[in-house]
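Subject: The structure I promised you

Hi,

Here is the structure we talked about. Have a look around it first, then read on.

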Amino acid sequence: MRIRLIFSLKNKGAYLPFHHQYILAQFLKGLIVKGGQEEFFNYNFFNFSGLKGQTKVSRSGLHYYSSLVTLVVSAPDEPFIEYLLKQVFKTPKIELGNLILSPEYTEKEIEPPLETSNKFVCISPLVLLTPTFDDESGKRFINPDTDEFSDLLYESTLTRMEKSGWYDQEQMESFYKFQVVPDMNYVNKLREQQKKFARIYSVYDMDVKYEVRGYTLPFTLYAAGEVQEFVFKCGLGAFTHKGFGMLDLANNMPSQRTEPYKFKREGFVPYRAQTHEPRKNDERAENEDEKPEEGND
C-alpha cells in the first residue's frame, strides 16, 4: 500500500538541503526503533519519496512555502505501514533540517492497474550501484540508454524479490523478461538546456557515509506483472529503504486517485491543497536545475 503523509509546515520559508533523502531516512529509522517492535527494526521492503511541496531554490537549499508538505510512503505489508504511521502521529512536532512540521492526516493511494509495460517517473532518485567502504564506484555515471543501466536494475530487483521470500522458484525463473527504456527525448532535452538528471547523493549505512549517483528521469519498464507491482510498492534499484528509487506512473493525476486514510490529527479537517501537487508528472522529481551541484551528467 502507498500512503501520502501530509504535514503542516510551521515555519514557511525554512529549507532542506537539495539532497535530503538521508535526513528523511534517519527520521523514519528513528521512529521505527523508537516504537520498540523489533520485528520491524531491519525491515527493508519499504520506500519513500522526497518531501514534496511548493519550493523555491536558493544557494542554501530548497525553501518550502506551502502550508502543507507531503511524503509518500510505500510497503506491501500493511502492519508495517500502520506501525510507522502510529509513531509519526505520536510526534506532534517534527524537525527535519530547518523545517518544523506537524503530522495532520493521511491519504491512501488507490492502486492503479499495472501492465507488463508501464511508463514511470522517479519521485526520488534512482540509484544503480551499492558502494563498499572507501570505494568511489557508487558515483560512476552510467548512460541510461545502455544495457548496463537496465541490467543493473534487473539484478538488484531480482535479488530483492528472491530475498523477500514472496515468490517460489518457478515464479522467479519466469521473471527473466526485464528491460528499462529511458525517455531519451527528455534526457537529451535536459542536456541541451545544460540541466542535470544525474547527481551525487549522500547515503548513511551503519553510520558510514557513502556517496552514490542518483538519476531522475522518466522511463518505460517492460517486465512481468509481479515485477511491476514489486517495484511500484518497494522501489527500484539500490537503497530503496533509504528513500531512493521511488516511482510513480507517468501521465497519471495523483490527486484523482487517493482516498482518506484513518490517521488524522484530532480536530483537523482534511482538504486538498493544490500547492503541494507538482505541476507536471514528468517533473515530479523536482529537477532543482538552477542550482550549482556536485556531480555531472
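Below is what I found in it, starting with the whole protein and ending with a few single residues.

Before anything else, keep in mind that this is a predicted model.

**The whole protein**

The protein has 297 residues, and 56% of them count as buried. Its secondary structure comes to six helices and 16 strands. How much of the contact network links residues far apart in sequence? Take the contacts with a separation of 6 or more: 80% of them are between residues 24 or more positions apart.

**Two helix pairs**

Start with H1 and helix H2 (residues 78–89). Their axes are 9 Å apart, and the helices pack at an angle of about 100 degrees. An angle from 65 to 115 degrees counts as roughly perpendicular, so that is the label for H1 and H2. On the H1 side, the residues that meet H2 are Leu28, Leu31 and Ile32. Their partners in H2 are Phe80, Tyr83, Leu84, Gln87 and Val88. By class, this contact has seven nonpolar residues, one polar and no charged.

There's a handy rule to try out on those H1 numbers. An α-helix has 3.6 residues a turn, so residues three or four places apart point the same way.

Next come helix H3 (residues 147–164) and helix H6 (residues 225–234). Their axes come within 11 Å and cross at roughly 90 degrees, so H3 and H6 are roughly perpendicular to each other too. From H3, Thr157, Arg160 and Met161 take part in the contact. They meet Glu226, Val227, Phe230, Val231 and Cys234 in H6. The residues of this contact divide into five nonpolar, one polar and two charged.

**More on H6**

Is H6 mostly covered or mostly open? It is mostly covered, with seven of its 10 residues buried. Those buried residues are Val227, Gln228, Phe230, Val231, Phe232, Lys233 and Cys234, so you'll find a lysine in the list as well. Right after H6 comes Gly235, which has a positive phi, near 90 degrees.

**A pocket to look at**

Rolling a probe the size of a water molecule over the atoms shows where empty space is left. The second largest pocket holds about 480 Å³ of space. It is lined by 23 residues, and the closest to its centre are Lys29, Tyr204, Asp205, Met206 and Lys242. Helix H1 (21–34) and strand S12 (198–205) are the elements that give two or more residues to the lining. Which element gives the most? That is H1, with seven residues. Sorted by class, the lining has 13 nonpolar, six polar and four charged residues.

**Two residues to click on**

Gln87 is in helix H2. Why does Gln87 count as buried? Its relative accessibility is 8%, and the cut-off for buried is under 20%. Leaving aside neighbours within four places in sequence, Gln87 is in contact with Leu31 and Gly35. You've already met Leu31 as one of the H1 residues that meet H2.

Ser164 lies in helix H3, and at 13% relative accessibility Ser164 counts as buried too. Try finding Asn44 from there: Ser164 and Asn44 are 120 residues apart in sequence, yet their C-alpha atoms are 9.3 Å apart in space.

Happy exploring!

Definitions and conventions
Residues are numbered from 1 along each chain as its sequence is written. This is a predicted model: local features need pLDDT of at least 70, side-chain atom pairs count only at pLDDT 80 or more; totals for chains, interfaces and linings use all residues. Side-chain values use heavy atoms; hydrogens and water are left out. On a 1 Å grid over the protein atoms alone, a cavity is a set of points where a 1.4 Å probe fits but cannot get out, and a pocket is an open set with protein on both sides within 12 Å along at least five of seven lines; lining residues have an atom within 4 Å of a point. Grid points are joined across faces, edges and corners, and a volume is the space filled by probe spheres set on the points. Helices (H or I, at least four residues) and strands (E, at least two) are DSSP runs, numbered from the N terminus. Ala, Val, Leu, Ile, Met, Phe, Trp, Tyr, Cys and Pro count as nonpolar, Asp, Glu, Lys and Arg as charged, and the others, Gly among them, as polar. Axes are lines fitted to C-alpha atoms, for helices over the stretch in contact, and angles run from 0 to 180 degrees between N-to-C directions. Angles under 35 degrees count as roughly parallel, over 145 as roughly antiparallel, 65 to 115 as roughly perpendicular and the rest as oblique. Contact means heavy atoms within 4.5 Å. Buried means under 20% relative accessible area, exposed over 50%, partly exposed in between (1.4 Å probe, protein chains only).
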